[in-house]
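This text walks through one structure, strand by strand and then ring by ring. Please keep the sequence and the model in view while reading.

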Amino acid sequence: MNAALTSKETSTSYRFNVEHDGQTYQVQIWLNEKGKFIDQEIELNEEIIDDDTIEDAIVDYLDKNWDTLTR
């Protein structure tokens, strides 16, 4: 038997409750091992949101306030 490692990925996720326009969204942000953004998931009432305007506003807010929010 023989094996060769072909790749390794490590990610970290952060979860936030974000209030926006009177709604509270549950947001999960994933970062790779270098701390770079790789994905997001935004939910409202346990349903995934697929609205670019809301997603952009929330992600922009988190990006601008990242250091304060993740201390």
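**A buried glutamine and its surroundings**

The side chain of Q28 makes a polar contact with the side chain of S13, at 3.1 Å. The model is a predicted one. Q28 belongs to strand β2, which covers residues 23–32. With a relative accessibility of 10%, Q28 counts as buried, because the cut-off for buried is under 20%. Leaving aside residues up to four places away in sequence, Q28 touches S13, Y14, R15, D39, Q40 and E41.

The strands around Q28 can be taken in turn. β1 and β2 pair in the antiparallel sense over 10 bridges, and in this pairing S13 stands opposite W30 in β2. The two strands form a hairpin with two residues between them. In its turn, D21 has a positive phi of about 50°.

β2 is also joined to strand β3 (residues 37–44) by six bridges, and these strands run antiparallel. Here Q26 stands opposite E43 in β3. The hairpin of β2 and β3 has four residues between the strands, and G35 takes a positive phi near 85°.

Y14, one of the residues that Q28 touches, leads to the aromatic rings. The count of aromatic pairs comes to two. Y14 and W66 form an edge-to-face pair, with 4.9 Å centre to centre and 70° between the planes. Y14 lies in strand β1 (residues 11–20) and W66 in helix α2 (residues 66–69), so this pair ties together parts that are 52 residues apart in sequence. Ring pairs link Y14, F16 and W66 into a cluster. At 28% relative accessibility, Y14 counts as partly exposed, whereas Q28 counts as buried.

Methods: Residues numbered from 1 in each chain as written. Predicted model: local features only at pLDDT ≥ 70, side-chain atom pairs only at ≥ 80, totals over all residues. Heavy atoms only, no water. Buried < 20%, exposed > 50% of the residue type's maximum accessible area, 1.4 Å probe, protein only. Polar contact = N/O pair within 3.5 Å; in protein donor to acceptor, adjacent residues only side chain to side chain. Contact = heavy atoms within 4.5 Å. Phe/Tyr/Trp six-rings, centres within 6.5 Å; stacked < 30°, edge-to-face > 60°. Pairing = 2+ DSSP bridges.
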